[in-house]
Amino acid sequence: MASEPGPGRAGDGLRELRADCGSCFGLCCVALPFSASADFAITKEAERPCPNLREDFGCGIHARLREEGFAGCTVFDCFGAGQKVSQVTFAGRDWRGDPRTARRMFQVFPVMRHLHELLWYLTEALALPPARPVRDDLRRALERTDRLTRGGVPELVEMDLPGHRAEVNTLLVRVSELVRARVPGRKRNHRGADLIGADLKGAGLRGANLRGAHLIAADLTGADLRTADLIGADLRDTALGGADLTGSIFLTQAQLNAARGDAATLLPPALARPAHW
């Protein structure tokens with residue numbers, strides 16, 4: 001039997017889209033807001049440093065984030081946008097050493113994060129054999145998105161991000177259709193479905209469309225999710241113990257970090273088993 005297509009085949013392209021906190025000026029700890037909740041112990045406004053951010057831009061409670069009530073920090077993934085903004089867009093000038101850069105840097109970071117997420121999906125899509133019919137279009141979209149990430153501050157702040165995302169999404173939907181069409185039989189369509197707390201234990205979801213599905217606290221223990229499209233699916237507190245996610249498409253590390261799995265959960269090779277599982 002042919003092996004399942006999966007994001008691991010994207011190789012070095014995906015590895016370059018991983019966060020390197022040591023090369024970032026703590027942008028996610030400053031630019032983004034959060035509210036006191038189960039994910040964050042306090043409320044913090046956008047563009048204000050988290051009180052746990054050290055002078056060297058490291059986190060003072062990094063090893064105890066979950067114990068201290070900051071589980072949300074362990075879930076977040078910038079897809080490498082932090083180091084791009086810090087080292088490329090602003091050429092190594094940090095917001096503390098050069099306060100004039102602060103406001104613009106914090107405005108650019110969320111835009112860059114969205115662009116890098118698109119780079120992740122496009123890189124993965126290009127590596128999927130069934131995507132061959134649209135490979136040229138994917139390559140052009142990848143090159144254009146990469147050029148956008150290397151633009152100046154005005155171009156990044158003023159760009160039509162929703163429009164660009166819509167164009168890329170059209171391609172990603174087509175890739176999803178091509179990949180899932182290779183799965184025999186009828187595939188489930190749960191796109192955008194409300195599956196909060198749903199009992200899907202052992203469910204056969206191979207090749208399913210779960211784009212944007214709300215799976216918060218759902219039980220997917222032992223479910224077959226091979227070749228399922230999981231882009232944008234909300235997996236917060238989703239039980240994935242023993243589930244098979246090999247070959248699933250458009251799954252991200254942040255989604256896994258938000259879920260609950262175990263040693264028996266099978267993952268795509270490009271993603272890591274979260275430390276808290």
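**Group meeting: aromatic pairs, salt bridges, pockets and two helices**

A search of the whole structure, which I should say at once is a predicted model, finds 7 aromatic pairs. One of them is formed by F57 and W95, whose rings sit edge-to-face at 5.7 Å centre to centre, with 65 degrees between the planes. If you follow the chain, you will see that this pair links distant parts: F57 belongs to the loop between α1 (12–15) and α2 (71–75), whereas W95 belongs to the loop between α3 (81–89) and α4 (102–126), and the two residues are 38 apart. Both F57 and W95 are buried. The pair is also part of a wider arrangement, since ring pairs join F25, F57, W95 and F106 into a cluster.

Let me turn from rings to charges. In general, side chains of opposite charge can pair when their charged atoms come close. In this model the count comes to 18 salt bridges, and I will take a few of them in turn.

The first I would like to show is the one between E47 and R103, in which the closest N and O atoms are 3.0 Å apart. Here too distant parts of the chain are linked, with E47 in the loop between α1 and α2 and R103 in helix α4, 56 residues apart. How exposed are the two partners, E47 and R103? E47 has a relative accessible area of 29% and is therefore partly exposed, while R103, with a relative accessible area of 52%, is exposed.

Next comes R226, which appears in two of the bridges I have picked. The side chain of R226 meets that of D224 in a salt bridge at 2.8 Å, N to O, and R226 also forms a salt bridge with D244, where the closest N and O atoms are 3.8 Å apart. D244 and R226 both lie in the loop between α7 (161–180) and α8 (253–258), so their pairing ties together parts that are 18 residues apart in sequence. As for accessibility, R226 counts as partly exposed at 23%, whereas D244, at 16%, falls under the 20% cut-off and therefore counts as buried. Elsewhere, R93, D98 and R100 are linked in a network of salt bridges.

Now to the pockets. The largest pocket has a volume of about 1,100 Å³, and 45 residues line it, with C21, H62, C73, T74 and F76 lying nearest its centre. Helices α2, α3, α4 and α8 are the elements that give two or more residues to this lining, and α2 gives the most, with 3 residues. By chemical character, the lining of the largest pocket divides into 27 nonpolar, 11 polar and 7 charged residues.

The second largest pocket holds about 690 Å³ of space. Of the 28 residues that line this second pocket, V75, F76, R236, A254 and A258 are the closest to its centre. The elements that give two or more residues to its lining are α2, α4 and α8, and which of the elements gives the most? That is α8, with 4 residues. The lining of the second largest pocket divides into 14 nonpolar, 6 polar and 8 charged residues.

I will finish with two of the helices, beginning with α3. Why can α3 be described as largely enclosed by the rest of the structure? The reason is that 7 of its 9 residues are buried, namely A81, G82, Q83, K84, V85, S86 and T89. These buried residues of α3 pack against α4, α5 (135–149) and α6 (153–158). After α3 comes A91, whose phi is positive, near 50 degrees.

The last residue I want to point out is L122, which lies in helix α4. L122 has a relative accessibility of 0% and therefore counts as buried. If we set aside its neighbours within four places in sequence, L122 is in contact with L138, A141, L142, T145, V168 and L172. As a final distance, L122 and T265 are 143 residues apart along the chain, and their C-alpha atoms are separated by 25 Å.

Definitions and conventions:
Residues are numbered from 1 along each chain as its sequence is written. This is a predicted model: local features need pLDDT of at least 70, side-chain atom pairs count only at pLDDT 80 or more; totals for chains, interfaces and linings use all residues. Side-chain values use heavy atoms; hydrogens and water are left out. Rings of Phe, Tyr and Trp (its six-membered ring) pair if their centres lie within 6.5 Å; planes under 30 degrees apart count as stacked, over 60 as edge-to-face and the rest as tilted. Buried means under 20% relative accessible area, exposed over 50%, partly exposed in between (1.4 Å probe, protein chains only). A salt bridge is a side-chain nitrogen of Lys or Arg within 4 Å of a carboxyl oxygen of Asp or Glu. On a 1 Å grid over the protein atoms alone, a cavity is a set of points where a 1.4 Å probe fits but cannot get out, and a pocket is an open set with protein on both sides within 12 Å along at least five of seven lines; lining residues have an atom within 4 Å of a point. Grid points are joined across faces, edges and corners, and a volume is the space filled by probe spheres set on the points. Ala, Val, Leu, Ile, Met, Phe, Trp, Tyr, Cys and Pro count as nonpolar, Asp, Glu, Lys and Arg as charged, and the others, Gly among them, as polar. Contact means heavy atoms within 4.5 Å.
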